[in-house]
Amino acid sequence: MNILIYADKLDAIRELITAAASFDVAATPKVFAATDELAQEAASYAESYSAGNVPVQDAHSTAAAISQAARALNCDVVMLLADRIGKDLAGHLAQATGAGALTGVTAFGQNHSAFRCALGGAVVEESVIESDAKIFAIAPKSFALAEQSASSAAKIDIEILQPSVVVKSVEPKAGGRADVAAADVVIAVGCGFEDEADMAAVEQLAEKLNAAIGCTKPLATDRKWFPEDCIIGISGKTCRPSLAISIGISGQVQYWAGIRDAGLAIAINSDKNAAIVPMCDASVVMDGSAAVAELNSKLP
C-alpha cells in the first residue's frame, strides 16, 4: 500500500510519517510538500516531492494538486493534518478523487481501521474506509514526531491550478499568546469565573508556571475574554501538556476531548460533584478565584 503525505509545515510532515507507519508498518510513505523548500527539509525524514508553491489558501486548487501527485506517485492513501484548513481540504480531496474520507483520526487499529472522537467527544468511534482510495485527516498531536531518516527530494510535473483566492498580505495576530496546543503546561479557565478582572490573576499565575492559557468555548465566543485560538476541545485545539490545570470548568466532553491526554490533570472547582473531578488525577474543591490568589501568594 502506497501512502502520500501532504502538509505545509515540517512538524506536520513528521507527525504524519508516524501516523502512516501506524496505519501500515510495511508502507514507505511519500511526502508531497507545499513548497520546494519544505520538500528539501522533509527529505531528512522521507522521500519527498514538490511541484512549486501550492496555493494553500485555496482548498480546491490544493486538492487538485494533491490528487495529481497521488496519481503520479501511485498512492491510493492520502494523509493530511486535520487542522482548520485540513478538514476543509479533506472534503475537497475526497470529491476530486472519489475516495472515502475520515477526519479527526486519532489512532489506527487492525485491518486499517481508524479511531476518532464522535458525539461531541463522548465516545470513540472505530471506522473502516472500504474504498480502495482512502483519505485520512489526522487530529493534530495524535502521533509522535518521526525521527530523521535521510532520503531524497525531487520535483514532479503536475498542473497547479490558478487559485480563486489570492492572499495580498499577511499580518500576525495581535496579542502574542503562547500556543496552548504546543505548551508543556496549560492553565484552562471556564465559566466558573464570573468577572473578567479575575483573568489578571490567572495571567500572573501562568507567568509563574511558564504556562499557556486556554479556555472553554463560551469564554472566547460569548464573553470575548480570549481569542478563539485559546479554545480547548472539539471546537478548538487538542492539547497534550505534561501538566493541565482546569479551573472553574464543569468538564463537558466537548472540553475534555481536547485535554484528556495531559500527563497530569488537575481540577479546581467549587463543586465537588462537577463532572471534571473524577476525570482528573487530582482535584481541589475550592473557588477558582480564591485558588488562583492562593497559588500566586505561594509561588515566587
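In the predicted model, I5 stands opposite M79 in strand β4. This pair belongs to the contact between β1 and β4, two strands that run parallel and are joined by three bridges. Strand β4 also pairs with β8, again in the parallel sense, over five bridges. Within that second pairing, V78 stands opposite I135 in β8. Both faces of β4 are covered, with V77, M79 and L81 buried on one side and V78 and L80 buried on the other. Because five of the five residues of β4 are buried, the strand is largely enclosed by the rest of the structure.

These strands are part of an open sheet of nine strands with mixed pairing, in the order β7-β6-β5-β8-β4-β1-β2-β3-β9. The edges are formed by β7 (residues 123-127) and β9, each of which pairs on one side only. On average, neighbouring strands of the sheet are turned by 35 degrees against each other, direction ignored. Strands of a sheet pair through backbone hydrogen bonds, either parallel or antiparallel. The antiparallel case is represented by β6 (residues 114-118) and β7, which are joined by five bridges. In this pairing, the bridge partner of R116 is E125 in β7.

Helices pack on the sheet. Helix α3 (residues 59-72) touches β1, β2 and β4, and its direction makes about 150 degrees with that of β1. Helix α1 lies across β1 (3-7), β2, β4 (77-81), β5 (100-108) and β8 (134-138), running at about 155 degrees to β1.

The loop between α1 (10-23) and β2 (30-33) contains D24. This residue is buried yet has no salt bridge, and the nearest side chain of opposite charge, that of K134, is 10 Å away. The side chain of D24 instead reaches the backbone nitrogen of A26, at 3.0 Å. Beyond its neighbours within four places in sequence, D24 is in contact with M1 and H112.

A second buried loop residue is I156, located between β9 (153-155) and β10 (185-189). I156 counts as buried because its relative accessibility is 14%, below the 20% limit. Residues up to four places away in sequence aside, I156 touches F32, Y49, S50, A51, A69 and L73. I156 and D58 are 98 residues apart in sequence, and their C-alpha atoms are 20 Å apart in space.

Two loop residues were examined for their backbone conformation. Most residues other than glycine have a negative phi. N74, although not a glycine, has a positive phi of about 55 degrees. N74 lies in the loop between α3 and β4 and is exposed, with a relative accessible area of 57%. Phi of N111 is likewise positive, near 55 degrees, in a residue other than glycine. N111 is found in the loop between β5 and β6, where its relative accessible area of 72% makes it exposed.

The structure holds eight salt bridges, including the three described here. Within helix α1, D11 forms a salt bridge with R14, and the closest N and O atoms are 3.9 Å apart. The two residues are separated by about one helical turn, because they are three residues apart in α1. D11 is partly exposed at 46% relative accessibility, whereas R14 is buried at 16%.

Another salt bridge is formed by the side chains of R84 and E228, with an N to O distance of 3.9 Å. This pair links distant parts of the chain, 144 residues apart: R84 is in helix α4 (residues 84-97), and E228 is in the loop between α6 (217-221) and β12 (243-247). R84 is exposed, with a relative accessible area of 63%, while E228 is partly exposed, at 42%.

The side chains of K237 and D179 also meet in a salt bridge, at 2.8 Å from N to O. Here too the pair links distant parts of the chain, with K237 in the loop between α6 and β12 and D179 in the loop between β9 and β10, 58 residues apart. K237 counts as partly exposed at 24% relative accessibility, and D179 is partly exposed with a relative accessible area of 36%.

Terms used:
Residues are numbered from 1 along each chain as its sequence is written. This is a predicted model: local features need pLDDT of at least 70, side-chain atom pairs count only at pLDDT 80 or more; totals for chains, interfaces and linings use all residues. Side-chain values use heavy atoms; hydrogens and water are left out. Helices (H or I, at least four residues) and strands (E, at least two) are DSSP runs, numbered from the N terminus. Buried means under 20% relative accessible area, exposed over 50%, partly exposed in between (1.4 Å probe, protein chains only). Lys and Arg count as positive and Asp and Glu as negative; His and the chain ends are not counted. A salt bridge is a side-chain nitrogen of Lys or Arg within 4 Å of a carboxyl oxygen of Asp or Glu. A polar contact is a pair of N or O atoms within 3.5 Å; within protein, one must be able to donate a hydrogen and the other to accept it, and residues adjacent in sequence count only if both atoms are side-chain atoms. Contact means heavy atoms within 4.5 Å. Two strands pair if DSSP finds at least two bridges between them. Axes are lines fitted to C-alpha atoms, for helices over the stretch in contact, and angles run from 0 to 180 degrees between N-to-C directions.
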